[in-house]
Amino acid sequence: MIKAICVSSANDAAVAVAELVGGSEPAFVEQMNARAASLGMEQTSFRNACGLDAEGHLSTARDVAAMSRTILNTCPEVLHYTGIWTDTLRGGATQLVNKLLRRYEGITGLKTGTTGGAGICISASATRNGLSLIAVILGAPSSADRFDAATTLLDYGFGAYEAAPLPKLEAQPLQITVRGSAAGSVPLDYSALPETVLVEKGSGASLHTELTLPEELEAPVERGQTLGKAAVYQGEALLEEYEVLAAADAPRMTVRDAIGLLWQSLTGAA
């Protein structure tokens, strides 16, 4: 069913999956709208699970792009289906053809769609040289127009921008001393830092990264607590800041902890 939905816009399959996941299509639509709200899709209101025209069923190109980005980032396995060019179901009785593939270099998906109210639409994703882009076209007058418009947008993106490697930090401490904790220090989590930064093509050499961290901390420190920031600059302009987190707990020292440390010190000295 997922294959049929992704490749051929099978509306009946979309409703069946909605009933399986949500218990009913209306209940699943409530989940869709809650998820859309959490993604900041302020101009989107779902009324069904398959996208057919309905009163109040609305979205925008920006919101579709945000949804597409989330799908690609959190469910990359969807590319297994959007990468299918031709396939069959029911022992060959049902033919599946992906109209999007083989039209653009680096294309990875994502979805075409057409209704009387929305017109001829597409959310197209592509990757080249480590840069992934999404182009959303709504209300095109023809299938050829939607593909041409998506191609123009993607060509512009790949021609004007690049994914430049994030400059390494000059100093990247692995831990910070924690006063008042038996742990003595807490390891640092830099996983929020990306591997690349989106910049105008050819401007990656002007990037630099600055780290702001305290020299030491006071207990208690909790795992996941923000301890500092890594700021990415292009020249003097701040592009983005990323949080540096505590990778473990460092609880406040108890009397029992203090006695244990004292005992270790004494026995070690002996």
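Strands, labelled E, are DSSP runs of at least two residues and helices, labelled H or I, are DSSP runs of at least four, both numbered from the N terminus. The legends below describe close-up views of a predicted model.

**Figure 1. Asparagine 48 in the loop between helices H3 and H4.** The loop that holds asparagine 48 runs between helix H3, residues 25–38, and helix H4, residues 61–74. Asparagine 48 has a relative accessibility of 10% and therefore counts as buried, the limit being under 20%. Proline 26 is 22 residues from asparagine 48 in sequence, yet their C-alpha atoms are 7.1 Å apart in space. With neighbours within four places in sequence left aside, the contacts of asparagine 48 are Glu25, Val29, Met32, Ala54 and His57. The side chain of asparagine 48 also meets two backbone nitrogens: that of cysteine 50, which is 3.2 Å from a polar atom of this side chain, and that of glycine 51, at 2.7 Å.

**Figure 2. Serine 45 in the loop between H3 and H4.** The side chain of serine 45 makes a polar contact of 2.5 Å with the side chain of arginine 47. A polar atom of the serine 45 side chain also lies 3.3 Å from the backbone oxygen of glycine 56. When residues up to four places away in sequence are not counted, serine 45 touches Asn33, Gly56, His57 and Leu58.

**Figure 3. Serine 24 between helices H2 and H3.** Helix H2 spans residues 11–22, and serine 24 is found in the loop that separates H2 from H3. The relative accessibility of serine 24 is 28%, so this residue counts as partly exposed. Beyond the residues up to four places away in sequence, serine 24 touches Ala18 and Glu19.

**Figure 4. Serine 68 within helix H4.** With a relative accessible area of 3%, serine 68 is buried. The side chains of serine 68 and serine 123 are joined by a polar contact of 2.7 Å. Serine 123 is also among the residues that serine 68 touches, together with Leu110 and Ile134, residues up to four places away in sequence not being counted. One of these partners, leucine 110, belongs to strand E3, residues 107–115, and appears again in the next view.

**Figure 5. Two cis peptide bonds, one leading to leucine 110 and one leading to proline 220.** The bond from glycine 109 to leucine 110 is cis, and its omega is near 20 degrees. Leucine 110 has its place in strand E3. The bond from alanine 219 to proline 220 is likewise cis, with omega near 5 degrees. Proline 220 is placed in the loop between strand E11, residues 216–218, and strand E12, residues 226–234.

**Figure 6. Asparagine 129, a residue other than glycine with a positive phi.** The phi angle of asparagine 129 is near 50 degrees. This residue is found in the loop between strand E4, residues 119–128, and strand E5, residues 131–140. Its relative accessibility is 81%, so asparagine 129 counts as exposed.

**Figure 7. The second largest pocket and its lining.** This pocket encloses about 770 Å³ of space. Its lining is made up of 29 residues, and those nearest the centre are Arg69, Asn73, Ser132, Leu133 and Ile134. Two or more lining residues come from each of H4, E4, E5 and strand E9, which covers residues 196–200. The most is given by H4, with eight residues in the lining of the second largest pocket.

**Figure 8. The aromatic pair of tyrosine 156 and tyrosine 161.** The structure contains one aromatic pair. The ring centres of tyrosine 156 and tyrosine 161 are 6.2 Å apart and the ring planes lie at 80 degrees, so the pair is edge-to-face, for which the angle must be over 60 degrees. Tyrosine 156 is exposed, with a relative accessible area of 52%, whereas tyrosine 161, at 29% relative accessibility, counts as partly exposed.

**Figure 9. A charged end over an aromatic ring, formed by arginine 146 and phenylalanine 147.** The charged end of arginine 146 is placed over the phenylalanine 147 ring, at 5.2 Å from the centre of that ring.

Technical notes: Residues are numbered from 1 along each chain as its sequence is written. This is a predicted model: local features need pLDDT of at least 70, side-chain atom pairs count only at pLDDT 80 or more; totals for chains, interfaces and linings use all residues. Side-chain values use heavy atoms; hydrogens and water are left out. Buried means under 20% relative accessible area, exposed over 50%, partly exposed in between (1.4 Å probe, protein chains only). Contact means heavy atoms within 4.5 Å. A polar contact is a pair of N or O atoms within 3.5 Å; within protein, one must be able to donate a hydrogen and the other to accept it, and residues adjacent in sequence count only if both atoms are side-chain atoms. Rings of Phe, Tyr and Trp (its six-membered ring) pair if their centres lie within 6.5 Å; planes under 30 degrees apart count as stacked, over 60 as edge-to-face and the rest as tilted. A charge sits over a ring if NZ of Lys or CZ of Arg is within 6 Å of the ring centre and within 35 degrees of the ring normal. On a 1 Å grid over the protein atoms alone, a cavity is a set of points where a 1.4 Å probe fits but cannot get out, and a pocket is an open set with protein on both sides within 12 Å along at least five of seven lines; lining residues have an atom within 4 Å of a point. Grid points are joined across faces, edges and corners, and a volume is the space filled by probe spheres set on the points.
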